[in-house]
Amino acid sequence: MRTTCPLDCYDACSVRYNEDKLKGDKEHDFTNGYLCPNLHEYLQTPRITSPRFEGKEIDLELAKIILTQKLEEFKEKKTLYFKGSGNFGHLQNITGEFFSKYGSDFTRGSLCDSAGDAGIKAGREKNLCLTPKEIAKSEVVVVWGRNIETTNSHLMDVIKNKILIVIDPVKTSLAKKAHIHLQIPPRSDFYLAMLFCRFAYMEQMDDEEYIAKHCSDFDYFLDFFRSYTINQLLDKTGVVIEDFLTALMLIKDSKTSFLVGTGVQKYTNGAEVLRAIDSFVAMIGYFGKEGCGVSFLSDSKEGYEDPFVYKNKTVPKPTADFSKYDLVFIQGANPANQMPNSTKVIEDLKKSKFVVYFGLYENETSALADLVIPACNFLEKEDVRFSYATEYVGLMPKLKEVEYGISEYDLTNYLLEEFGFEKLEKASKYIEHMIESNSNFENHLITSKSYDKIPYSEDDFSFEFIDESEDESEIEEEEGFWLLTPKYKYSLNSQFNRAKSIRVPLSLGLNNGDMIKVTSPYGELIADVMNDDRLRDDCILIYSGTKGVNNLTPNILSDDGDGACYQEVKVKVEKI
């Protein structure tokens, strides 16, 4: 029986399920029979099997009654619906049908990619990815702040024979294999994009015909990037000029795809970074051409009719203040670990009068909740998944009966009925409507019509260059080490086998296993050390999901997009 991986990563693997075993689907064009370590852990990871109220196990019917009573109690009060995305499936959004009618606040922005998405849409309106089939046509691949081997492993087969340029503060294993590695400082990606523009213009790489046909404000953009001196940009980026020029010449006149990760936009200027990279690529005419363009986390539902669009009052997700709400309903999320400045988040959750956790696994948030309701996993309910890195759409049929827990669909229908609202259509109706609104069908594969053509190849495509920067941060001048918070190979955010150690550069002279205290203006973390020769001397690395990592991160918003700014911080290190 065929289904689709529910985990929040690029590849959206096609899966075969049989007798409680998950295997890769060898008939899928892209994922081709291989599953990542996290999905192999999925069925072995202990789940929440019983609801809890105030620390005591109860049955599901009583949990539903208590939830209804509390919603009645706080009906005229402030409530918040907070949904995560650690497990994908579009029908998970259906819970919003009840909370929208009930009058709860929702969240906007994201803890992941919304700053970059805002920058992309400011320049090219739609956020489409480069599909693996387009990347396969490239001659040069620039991997910019994206650790493909960890987050996008199926793409390794696509890029293995390409000329590879890696831009990353960490000398990843992919960087070690690359033709060129530009190991720039954190938060210097914007300046590197400007440096590419300066030298590309000097090398007459600007595509005048393309600019005239598709772009606006090039004269302003020209004045803008020339306002940065070459020496200033070299100082900001610290690149070896010979390596940089080699990278530029490799890009010149070659089919080049730029695969950009979320790490470059974990700062207040995250939107500007993506727009600057896009502007360089538009300047040299590489959008809408075979094997060329920029790929970030795309808008996975682009072109589809979405039945779950709500217009309630919203608050920014990265800075949501739970203490202001009488009731907080948290679905598929672990804000006590994953939100920035988690010390404050935990304090705020404790101040809320009633916290509901609806999810699969125990974590820091479920431990704080007044009411815990176990959810169904992806095998126990009907759903559909859209991909933010490929053209494929994945069906997720119900393949086994529920042993414990309740689906988003069933819980929503129950609450709608209890409160006298109109009940839902059949789940299959929503799925069919969405798929049929923008899909192609071939054998067992479903693909998005948004990728029938090379992205942005339409004659009427219009790109607007960046022509100003509002970045006023002076964090580069502060003392301390940059904090890097990438994904870990064996976990997904705060699920599965989380990392425990703090990675430090060899220059600190510490021994593996030494205990250190890392401090920031927002909190501290004490953990043991692992030396890491991949790091620059001005960085330490703590993987996302590590217990306490977000004690250190700032609860501030990106300038655009309401995104989290996990890496807009420098930390101090003390051996203890």
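The exercises below work through strands, backbone angles, salt bridges and surface charge in a predicted model.

The model is predicted, so that local features need pLDDT of at least 70 and side-chain atom pairs count only at pLDDT 80 or more, while totals for chains, interfaces and linings use all residues. Residues are numbered from 1 along each chain as its sequence is written, and side-chain values use heavy atoms, with hydrogens and water left out.

**Exercise 1. Describe the surroundings of strand β21, beginning with the strands that pair with β21.**

Step 1. Strands are DSSP runs of E with at least two residues, and helices are runs of H or I with at least four, both numbered from the N terminus; two strands pair if DSSP finds at least two bridges between them.

Step 2. Strand β19 (residues 392–396) pairs with β21 in the antiparallel sense over two bridges, and strand β20 (residues 439–442) pairs with β21, again antiparallel, over four bridges.

Step 3. Thr447 of β21 has Tyr392 as a bridge partner, and Asn440 also stands opposite Thr447.

Step 4. β20 and β21 form a hairpin with two residues between them, and Asn443 in the turn has a positive phi of about 55 degrees.

Step 5. Buried means under 20% relative accessible area, exposed means over 50%, and partly exposed lies in between (1.4 Å probe, protein chains only). From β21 (residues 445–448), Leu445 and Thr447 point one way and Ile446 and Ser448 the other way, and all are buried.

**Exercise 2. Describe the two faces of β3 and the hairpin that contains β3.**

Step 1. The covered face of β3 carries Leu22 and Gly24, whereas the uncovered face carries Lys21 and Lys23.

Step 2. Strand β2 (residues 14–18) pairs with β3 in the antiparallel sense over four bridges, and Asn18 is the bridge partner of Lys21.

Step 3. Two residues separate β2 from β3 in their hairpin, where Glu19 in the turn has a positive phi of about 50 degrees.

**Exercise 3. Locate Asn32 and Phe496 in the chain, and state whether each is buried or partly exposed.**

Step 1. Asn32, a residue other than glycine, has a positive phi near 55 degrees; Asn32 is placed in the loop between β3 (21–24) and α1 (37–42), and with a relative accessible area of 47% Asn32 is partly exposed.

Step 2. Phe496 is not a glycine either, yet has a positive phi of about 70 degrees; Phe496 lies in strand β25 (residues 495–496) and is buried, with a relative accessible area of 13%.

**Exercise 4. Work out which parts of the chain are linked by the salt bridges of Arg498 and Asp514.**

Step 1. Side chains of opposite charge can pair when their charged atoms come close. A salt bridge is counted when a side-chain nitrogen of Lys or Arg is within 4 Å of a carboxyl oxygen of Asp or Glu, and by this rule the count comes to 39 salt bridges.

Step 2. Arg498 forms a salt bridge with Glu364, with the closest N and O atoms 2.8 Å apart. Because Arg498 lies in the loop between β25 and β26 (502–504) and Glu364 in the loop between β16 (354–359) and β17 (371–374), the pair ties together parts that are 134 residues apart in sequence.

Step 3. Arg498 is partly exposed at 23% relative accessibility, whereas Glu364 is buried at 15%.

Step 4. Asp514 forms a salt bridge with Lys575, with the closest N and O atoms 3.7 Å apart. This pair links distant parts of the chain, as Asp514 is in the loop between β26 and β27 (515–520) and Lys575 is in strand β30, 61 residues apart.

Step 5. Asp514 is buried, with a relative accessible area of 15%, whereas Lys575 is exposed, with 52%.

**Exercise 5. Identify the residues that gather in a patch of negative charge on the surface, and place Asp559 in the chain.**

Step 1. A patch is made of residues with over 30% relative accessible area and no salt bridge, and like charges are joined within 9 Å. Asp and Glu count as negative, and the place of their charge is taken as CG of Asp or CD of Glu.

Step 2. Asp467, Glu468, Glu470, Glu472, Glu474, Glu477, Glu478, Asp559 and Asp560 gather in this patch.

Step 3. Asp559 is placed in the loop between β29 (539–541) and β30 (570–575), and at 41% relative accessibility Asp559 counts as partly exposed.

Key: Patch = residues over 30% accessible without salt bridge, like charges linked within 9 Å, V, L, I, M, F, W, Y side chains within 5 Å. Areas by Shrake-Rupley, 256 points an atom, 1.4 Å probe, with all protein chains shown as cover.
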